[in-house]
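Reader: I am new to this structure and would be grateful for a close look at a single part of it. Please choose one chain and describe it in a connected way.

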Amino acid sequence: MKRFRGFVIKEFNHILRDFRTLLILFGLPAIQLLIFGYVVSNELKDIHIAIFDQSRDRITRDIANKIISSEYFIFDGYLDNTHEIDEKFREGKIKQVIIFEPGFGENLMREKSADIQLIADASDANTANLVVSYTSAIIQDYMMDLRKNAGAKMQIIPEIRMMYNENMAGAYMFVPGVMALILMIVSALMTSITITREKETGTMETLLVSPLKPIQIVIGKVTPYIILSFFNAVTIVAMGYFVFGLPVQGSLSLLLLECLLFISVALSLGIFISTIVETQQMAMFFSMMILMLPTILLSGFIFPVENMPEVLQWVSHIVPAKYFIIIVKSIMLKGTGMAFVWKETLVLVFMMLFFIGNSVRRFKIRLE
Amino acid sequence: MNKETAVIRVRDLVKKFGKFTANDKLCFDVYEGEIFGFLGANGAGKTTALRILCGLSLPTSGEISVAGLDLYSNRERIKKRIGYMSQKFSLYEDLKVYENIRLYAGIYGLSRKEIKQRTDELLETLELEAVRNKRIAELPLGWRQKLAFSVAIIHRPRIVFLDEPTGGVDPITRRQFWDMIYQASRDGITVFVTTHYMDEAEYCDRVCIMEAGRIDAIGTPTELMEEYKAENMDEVFIRIAR
Amino acid sequence: MRTIIHLLQKEFIQIFRNRFMLPIIFVMPIVQMVVLVFAATLEMKNIEMIVVDKDLSEVSRRMTAKFGGSPFFNVKSFTFSIEEAEDFLRANEADIVLHIPRGFEKDLMRENQAKVQLLIDAVNATTAGLSNAYASNVLRDFNEQIIIENFGPVSQGMERVNIRYSFWYNPDLNYKIYMLPGILVILVTLIGMMLTALNLVREKELGTAEQINVTPIRKYQFIIGKLLPFWVIALFELSFGLLVGKILFHLPMEGSIALLFLFASLYLLVALSIGLFLSVISNSQIQVMFLMFFFFITFVLMAGIFTPAESMPDWAIRVNTINPLAYFIRVIRMILLKGSGFADISGEFFALGLYATVMMSLATWRYRKAA
């Protein structure tokens with residue numbers, strides 16, 4: 001045990017000595033969280049639109065004003081004909097053109113019905129969908145007020161409550177995602193590289209002939225990173241709380257325990273990778289290529305898993321980050337406890353055991 | 001050996017890494033065609049000096065000329081006239097034997113015909129024709145070292161720098177390796193070699209003994225043994241170290 | 001020139017000899033592209049709804065049925081307790097709660113207005129916004145329906161606006177054709193940058209870089225030798241990915257393919273020289289890897305590939321002027337999907353050109369043959 005402790009301390013010193021690596025380990029995740037917390041968001045803001053108003057009456061101006069004054073859109077000017085639309089879209093700045101039919105106000109008053117056409121640049125289907133939905137919601141709101149003022153009958157008035165996130169802050173969605181991404185990649189990458197590095201430089205052999213047991217060697221290499229990653233996790237939670245105003249509704253200690261569990265999953269995945277590959281280069285390609293995009297796309301970080309095709313929902317079951325994100329959101333934002341997240345926790349535990357078990361098995365085969 | 005022409009001239013060479021002085025006012029000449037041994041314990045500053053002469057490291061101060069050219073103004077021109085073999089094996093392990101030779105010969109600007117001719121010659125001398133199409137990774141260490149040396153002189157340089165070339169090699173291969181060095185010397189290549197094996201010092205025409213960044217002694221092995229009243233170079237070294 | 005050819009020959013031999021790397025370089029990215037492109041959708045379906053109907057009236061039942069019949073909503077369960085309904089939200093088993101208070105029908109008939117409550121799980125603000133929009137639409141339709149039933153179609157306060165949508169360039173709102181170029185560019189860049197960045201630093205660690213440094217090779221020759229092979233591989237990979245996209249996803253190619261490749265060549269030059277620069281300033285593969293990780297993830301998430309770049313804060317848009325990925329993502333989508341021509345994207349072209357020159361000079365300048 002004493003020997004083992006000495007080994008862990010040696011590993012620790014080894015990491016702490018390299019200032020640049022340290023800076024990267026702690027500085028970069030913090031900076032990234034800051035950047036992404038503000039940048040990564042599906043919220044609609046400042047979308048440029050143009051209007052082709054063939055009626056130019058009081059009502060069309062009112063509707064236009066209502067749309068323009070919302071924070072979603074920036075008005076880029078009136079168009080004079082439909083030919084300009086294609087040109088504007090091709091330049092790439094304007095994403096939506098709103099067309100009012102001729103005599104819009106008159107039609108509305110006399111025939112109780114008038115036409116608006118929303119043309120969206122749908123090369124980005126997701127944004128186009130949002131833009132059109134938001135625009136029509138604004139128009140419908142306007143109509144609702146108009147009718148109410150006219151003394152309408154039988155109005156159903158929806159009262160909306162946005163639960164857990166009254167101000168609809170995008171950060172509530174993205175901070176847990178960024179946390180999962182950073183912890184996953186940094187931890188898995190670090191472990192897989194350090195261990196393959198030992199293999200590549202031949203120092204692994206030296207360790208193997210030492211009286212330390214293989215499992216002690218691996219744990220010794222990994223322990224410093226568990227502590228470092230945990231420190232990172234705490235930093236991220238603290239920044240989420242102080243910078244982005246994410247509450248911690250549930251138990252903080254449970255949250256931190258879950259972070260520790262997720263880090264352990266990532267590290268054991270790193271170990272597992274290092275038993276498969278031979279060189280640092282391969283370890284890096286493996287970790288980056290296999291982990292990055294699935295962690296971004298299949299975890300619910302940006303795109304909700306429920307909306308994906310069934311097959312992909314199945315694939316997402318093997319992405320550890322997915323479970324972690326659910327756990328973090330539940331504990332931090334919804335204030336739930338173990339009763340609500342035990343299933344996800346169990347899956348993570350199982351994943352960790354799977355990676356460790358397989359690593360040990362592969363490691364033994366190598367030794368024989 | 002031609003005592004008239006110094007192919008390497010070093011005056012007051014100083015190299016500092018921060019506060020640490022790795023080379024402290026070194027002065028020596030290396031003459032055309034000789035085998036010049038640079039001796040000393042690990043960390044004495046041999047490799048630092050050698051790397052400066054090869055243009056891999058910049059000196060802090062001092063006057064240096066290599067192959068008749070001033071080091072400061074002609075570093076890249078000097079490189080055409082020298083060869084280098086580092087203590088770390090540095091051929092590409094994932095390339096085949098002939099691919100490594102072709103690469104370096106190509107970089108030194110040899111023509112296609114020359115490359116082919118010298119490759120054949122070289123493999124024949126080394127008796128490595130059979131492994132021509134093998135990857136370096138598959139060769140035993142001794143063969144690799146011999147190959148690395150041959151590649152270092154593929155462009156027939158005036159001087160070749162060898163940094164601990166025989167480290168970790170078995171005695172027989174070491175012997176063969178020194179035969180190769182003699183052959184190169186006979187072909188007119190000046191050899192600058194560092195080593196910490198004292199018995200190898202006796203194979204050199206002249207040696208220079210370094211300790212803690214300074215030159216302690218310089219001369220032919222016989223001169224040094226006489227001066228320090230020693231039976232062999234080992235004893236010389238021990239006396240100096242004291 | 002002959003020196004460069006020898007260097008290129010060497011790099012290519014090394015790449016193609018590595019049995020393990022080849023599938024990672026050429027197969028994995030394409031597989032990932034094909035699979036992951038399906039994930040990048042915000043298209044809502046099956047919004048899980050819990051109904052708390054305390055009114056139990058004819059109108060409330062019809063309203064619930066209206067939600068059930070909508071393609072967006074799936075009425076999952078009924079309950080009479082708000083607390084129980086909230087538990088569904090908390091356990092991530094439902095997205096929205098429709099609460100119809102007691103006396104709803106009565107209020108609607110007598111007071112001419114009645115309230116319903118919608119509780120939406122807003123942890124994801126975007127989907128919450130969409131759920132809200134869809135739910136409001138269903139309510140509005142239902143409202144209109146009962147008004148018409150009671151008062152006929154043309155009555156006071158029945159003004160109606162017909163909103164018609166047209167989605168240009170992509171009428172089916174196929175998100176895949178938009179995401180595919182994005183994901184492909186991420187993968188191509190990642191492979192190209194990683195190969196370039198790791199290659200030189202690996203040679204430094206192995207000691208082979210030193211052997212090259214004692215040769216009279218010129219710095220620019222060396223840099224070209226380290227850049228060109230991966231540039232060729234990345235371009236090949238891009239073409240291959242586009243081809244797969246065309247065949248499997250009918251990726252439109254409205255604009256000039258030549259123009260696209262002109263841009264791609266320039267862009268990859270920038271991306272790869274950034275990788276090379278990072279490896280020139282690093283001493284170990286670990287260092288270069290973490291630097292890469294930082295810059296790359298930052299570039300990817302800021303480039304507007306998955307989230308709209310226009311909605312980012314101003315400072316982020318300014319930061320994007322040094323994000324090569326942001327330029328190329330914009331351009332590749334414009335050329336492929338909208339058929340934009342050179343005039344539309346000349347700004348990006350010159351920016352990337354300048355960027356490439358700067359990065360390559362920087363990498364060459366910082367590369368030291370002697371320390």
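Author: The following account concerns chain B, with particular attention to one of its helices and to its contact with a neighbouring chain. The model is predicted, and for chain B the mean pLDDT is 88, with 98% of the residues scoring at least 70. Within chain B, strand β7(B), residues 159-163, has the highest confidence, at 93, whereas helix α9(B) has the lowest, at a mean of 81.

Helix α9(B) spans residues 233-241, and its buried residues are Met233(B), Val236(B) and Phe237(B). When the helix is viewed down its axis, these buried residues fall within an arc of 95°, so they line one face of α9(B). A general property of helices is relevant here. An α-helix has 3.6 residues a turn, so residues three or four places apart point the same way. The buried residues of α9(B) are covered by parts of chain B that include two helices, α7 (198-201) and α8 (221-227), together with strand β9 (206-211).

Chain B also meets chain C. In this contact, 22 residues of chain B touch 18 residues of chain C. On the chain B side, helices α2 (75-81) and α3 (97-107) each contribute at least two residues. Sorted by class, that side of chain B comprises 9 nonpolar, 7 charged and 6 polar residues.

To return to the helix, α9(B) is the part of chain B where confidence is lowest, and its buried residues, Met233(B), Val236(B) and Phe237(B), are covered in part by α7, β9 and α8 of chain B.

Technical notes:
Residues are numbered from 1 along each chain as its sequence is written. Chains are lettered from A and ligands numbered from 1 in the order in which they are written. This is a predicted model: local features need pLDDT of at least 70, side-chain atom pairs count only at pLDDT 80 or more; totals for chains, interfaces and linings use all residues. A residue is buried if 20 or more other C-beta atoms lie within 10 Å of its own, exposed if 12 or fewer, and partly exposed in between; C-beta atoms are placed from the backbone. Helices (H or I, at least four residues) and strands (E, at least two) are DSSP runs, numbered from the N terminus. The arc is that of the directions from the helix axis to the C-beta atoms. Two residues are in contact if their C-beta atoms, placed from the backbone, lie within 7 Å. pLDDT is the predictor's confidence in each residue, from 0 to 100. Ala, Val, Leu, Ile, Met, Phe, Trp, Tyr, Cys and Pro count as nonpolar, Asp, Glu, Lys and Arg as charged, and the others, Gly among them, as polar.
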